[in-house]
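Q: Please take me slowly through one part of this model, as you would for someone new to protein structures. I would like to see how that part is put together and what lies around it.

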Amino acid sequence: MSLHADTQPAPPAPTVLVDATLADGRRVDVFLGDGRITAVEDHRAGPQDSRAGHDAGAVRLDGALLLPALVDGHAHLDKTLLGAPWQPHRVTATLREQIANERALRKETGIPVAERATALAERMVTLGTGHVRSHVDIDLDVRLDGLHQLLGVREQFRDRLGIQLVAFPQSGVVTAPGVSDLLDAALAEGADLIGGLDPAGFDGDVDGQLDIVFGLAERHGAGIDIHLHDGGETGTFQLRAVAERTAALGLEGAVTVSHAYALGDVDIAELDRTAAALAAAGVAIMTNGPRHSMPPVLRLRDHGVRVFAGSDNIRDSWWPYGTADMLERATIIGLQGGLMTDDELRYAASLATDEAAAALGLSDYGLAPGNRADLVVIAAGGVPEAVAAHPQRLLVLHGGRIVGPATHPAFPAGGAPDLRGER
């Protein structure tokens, strides 16, 4: 049963998580108060463990892995078909055909965006995601309807899941007169960032689209997150154009290019030239992994480019796959990128934790005193195992409150942790 079912009150917030394993291998007790981490102390087993052991709000973790909440840096809550009957995938030959297919399907589905988005957000919470950046289509058909529905979902989940919204011109900007006005209105009505789509490959006007996107970002003080599927040197040229504008406007740390497939299919000299420009301008790259030309994450890291992870499409018209599990996403990226050593697996996990949080501007994120108690307990002995083994999520906290499953062996079966005292 959901911890948030109307018939079941939410369990009280724990005050200390006893005997947790951190990413660096330390066994600690983590003290919580007012929705934040108040202290992190080395765990001392036995009678010496007096402070945590006698706390009435203690939850014993028995060495389970404790991480800051997972972060999904790129999703499409409005597109998912979760909550609707299974839809067979329809094969299309071009990006424009796929977009037209999606527009037709969303009219046929008959289930409101908010209902489907809620089903996906619930799944994200259960799997330990505490923050997500979701793009939402803004076009001449749907106009701002999808945004308005997701604003409602964002409010509904404000105590369980942080949601950033990107006004995304899925059907183009320059080639769709009137969309720029809708994007302007979307930012005024609650969208957090402005998006873009293949300035060369879709709009056929790199400067024209970037003028609009960066102009709106500057006007509204908003961040930018641009979809870029264009490959080869056409793609890397656009990446450097984005970097140049980012530096000129002082937007370091506020601009992301999602997918950036071109980085995975150019020669080393072109890759290094482009990576250097991205690093210097502070432009981040989001990858979801499943593509033959996935950006080479380790080489980008070595250049100082921030790379982070996102789910992208989850059970929608674009593809039938997706589980909303960001640890699984780290696995996919690790497999695609050839990440095998423990250090590389830790880096894969960071793409869905620290690196994603930094890219989303989550300033009070992480396992340190003073930060928000957005946490996930995982049935693993360490981070490499968590990436490789698809482990259970045992407990999920958001703002110090239990919002996700409590399935640790020390907890009552199927219920919330026993908060009457450490066992």
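**The sheet and its helices**

A: Let's start with helix H10 (residues 326–337), which lies across strands S6, S7 (129–137), S12 and S13 and runs at about 70° to S6. Keep in mind as you look that this is a predicted model.

Now follow the strands themselves. They belong to an open sheet of eight, in the order S6-S7-S8-S9-S10-S11-S12-S13, and their pairing is parallel. Which strands sit at the edges of this sheet? They are S6 (70–75) and S13 (307–309), each of which pairs on one side only. Going from one strand to the next, the twist averages 25°.

Look at the S13 end. S12 (residues 283–287) and S13 run parallel and are joined by three bridges. Here Met-286 stands opposite Phe-308 of S13. If you follow the chain on from S13 towards H10, you enter a loop that holds Ala-324. Its phi is near 70°, a positive value in a residue other than glycine. Is Ala-324 buried or exposed? Its relative accessible area is 2%, and buried means under 20%, so Ala-324 is buried.

Next, move along the sheet to helix H6 (residues 206–220). This helix lies across S9 (193–197), S10 (223–228) and S11 (255–259), running at about 175° to S9. H6 has a neighbour in helix H7 (residues 232–248): their axes come within 11 Å and cross at roughly 35°. The crossing is right-handed. On the H6 side, the residues that meet H7 are Val-206, Asp-207, Leu-210, Asp-211 and Phe-214. From H7 come Phe-237, Gln-238, Ala-241, Val-242, Arg-245 and Thr-246. Sorted by class, this contact has six nonpolar, two polar and three charged residues.

Gln-238 deserves a pause. This residue lies in H7, and its relative accessible area is 1%, under the 20% limit, so it counts as buried. What does Gln-238 contact, leaving aside its neighbours within four places in sequence? The list is Asp-198, Pro-199, Ala-200, Val-206, Leu-228 and Asp-230.

From S11, the chain leads into a loop before helix H8, and Ala-260 is found there. Ala-260 has a positive phi of about 45°, although it is not a glycine. With a relative accessibility of 0%, this alanine is buried. Further on, in H8 (residues 268–281), you will find Thr-274. How accessible is Thr-274? Its relative accessible area is 0%, so it too counts as buried. Apart from neighbours within four places in sequence, Thr-274 is in contact with Thr-236, Leu-239, Arg-240 and Leu-263.

Let's finish with helix H3, where you can try a small check yourself. H3 covers residues 113–126, which makes 14 residues. At 1.5 Å a residue it should span 20 Å, and its end C-alpha atoms are 20 Å apart, so the two values agree. Which residues of H3 are buried? They are Val-113, Arg-116, Ala-117, Thr-118, Leu-120, Ala-121, Met-124 and Val-125. Just after H3 comes Gly-128, with a positive phi of about 95°.

Notes: Residues are numbered from 1 along each chain as its sequence is written. This is a predicted model: local features need pLDDT of at least 70, side-chain atom pairs count only at pLDDT 80 or more; totals for chains, interfaces and linings use all residues. Side-chain values use heavy atoms; hydrogens and water are left out. Helices (H or I, at least four residues) and strands (E, at least two) are DSSP runs, numbered from the N terminus. The expected span of a helix is 1.5 Å times one less than its number of residues. Buried means under 20% relative accessible area, exposed over 50%, partly exposed in between (1.4 Å probe, protein chains only). Axes are lines fitted to C-alpha atoms, for helices over the stretch in contact, and angles run from 0 to 180 degrees between N-to-C directions. A crossing is left-handed if the near helix is turned anticlockwise from the far one by less than a right angle, and right-handed if clockwise. Contact means heavy atoms within 4.5 Å. Ala, Val, Leu, Ile, Met, Phe, Trp, Tyr, Cys and Pro count as nonpolar, Asp, Glu, Lys and Arg as charged, and the others, Gly among them, as polar. Two strands pair if DSSP finds at least two bridges between them.
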